[in-house]
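Here are some notes on the model, set out as numbered points. Please read them alongside the coordinates.

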Amino acid sequence: MQLPQRVLLGAFVVPALLASLGVASRPAEDIAPGHLVLAVRASEIVLAGTAVSAVERQEVVDAVRALTAAHRITDMITPDAGERLPVSPDAAAALLGAVLDQGVTDFTGVVHQGRLTASARVADPVRAGSLSDALRQAAPGLRVDEDFTSD
């Protein structure tokens with residue numbers, strides 16, 4: 001094969017063939033963020049949502065597991081879902097750390113499209129305010145919408 005033919009093949013034919021087969025990769029920034037659900041129920045932490053890979057899923061599970069040995073972690077994150085986590089594993093762990101540090105045992109948070117929608121049962125309005133502040137500090141890039149009830 002002559003050099004001009006090799007250049008033509010390498011420059012046009014191979015990329016076109018790979019793209020038609022769906023093999024060509026796309027940059028990570030093109031992958032849309034999905035959602036992440038963080039729930040605390042007594043001694044259990046539930047993680048659900050979408051991750052772009054099993055590695056990304058495992059990173060968030062490991063970050064949360066490093067927070068506490070007292071809680072059972074239930075992982076329901078779907079890897080290879082075509083959507084990446086909406087926050088980093090460290091940010092997810094920081095949000096749960098804020099909840100656990102406040103002693104909250106009934107919490108649900110959904111992170112999606114730059115927003116944390118949080119609901120919790122807290123002991124009193126003072127603890128509700130403390131939890132609100134802690135969540136905002138844990139995830140300064142998220143808009144926090146909250147619905148806290150006190151016993």
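**Notes on salt bridges, helix packing and backbone**

1. Aspartate 75 counts as partly exposed, because its relative accessibility is 29%. The model is a predicted one, and this residue is a convenient place to start. Its side chain meets that of arginine 57 in a salt bridge, with an N to O distance of 2.3 Å. Arginine 57 lies in helix 2 and aspartate 75 in strand 3 (residues 72–78), so the pair ties together parts that are 18 residues apart in sequence.

2. Is the arginine of that pair, arginine 57, buried or exposed? Arginine 57 has a relative accessibility of 17% and therefore counts as buried, the cut-off for buried being under 20%. Aspartate 75, at 29%, is partly exposed.

3. How many salt bridges does a search of the whole structure find? The search finds 8. The pairs discussed in this note are among them.

4. A salt bridge within helix 2 joins aspartate 62 to arginine 65, where the closest N and O atoms are 3.9 Å apart. The cut-off for a salt bridge is 4 Å. Both residues sit in helix 2, 3 residues apart, so about one helical turn separates them. Aspartate 62 is partly exposed at 41% relative accessibility, and arginine 65 is partly exposed with a relative accessible area of 44%.

5. Aspartate 106 and arginine 121 form a salt bridge through their side chains, at 3.8 Å from N to O. This pair links distant parts of the chain, 15 residues apart: aspartate 106 belongs to strand 4 (residues 106–112) and arginine 121 to strand 5 (residues 115–122). Aspartate 106 has a relative accessible area of 23% and is partly exposed. Arginine 121 is partly exposed as well, at 46% relative accessibility.

6. Which residues are linked with Asp106 in a network of salt bridges? They are Arg41 and Arg121. When inspecting the Asp106 to Arg121 pair, Arg41 should be displayed too, as a member of that network.

7. Now the helix packing. Two packed helices are described by the angle between their axes and by the distance between the axes. For helix 2 (residues 54–65) and helix 3 (residues 89–101), the axes come within 8 Å and cross at roughly 35°. The crossing of helix 2 past helix 3 is right-handed.

8. Which residues make the contact between these helices? From helix 2 come Glu59, Val60, Ala63 and Val64, and from helix 3 come Pro89, Ala92, Ala93 and Leu96. The contact of helix 2 with helix 3 has 7 nonpolar residues, 1 charged residue and no polar ones.

9. Backbone geometry: aspartate 80 is not a glycine, yet has a positive phi of about 60°. Aspartate 80 is located in the loop between strand 3 and helix 3. With a relative accessible area of 59%, aspartate 80 is exposed.

10. Glutamine 113 also has a positive phi, of about 50°, without being a glycine. The loop that holds glutamine 113 runs between strand 4 and strand 5. Glutamine 113 counts as exposed, because its relative accessibility is 70% and the cut-off for exposed is over 50%.

Methods:
Residues are numbered from 1 along each chain as its sequence is written. This is a predicted model: local features need pLDDT of at least 70, side-chain atom pairs count only at pLDDT 80 or more; totals for chains, interfaces and linings use all residues. Side-chain values use heavy atoms; hydrogens and water are left out. Axes are lines fitted to C-alpha atoms, for helices over the stretch in contact, and angles run from 0 to 180 degrees between N-to-C directions. Helices (H or I, at least four residues) and strands (E, at least two) are DSSP runs, numbered from the N terminus. A crossing is left-handed if the near helix is turned anticlockwise from the far one by less than a right angle, and right-handed if clockwise. Contact means heavy atoms within 4.5 Å. Ala, Val, Leu, Ile, Met, Phe, Trp, Tyr, Cys and Pro count as nonpolar, Asp, Glu, Lys and Arg as charged, and the others, Gly among them, as polar. Buried means under 20% relative accessible area, exposed over 50%, partly exposed in between (1.4 Å probe, protein chains only).
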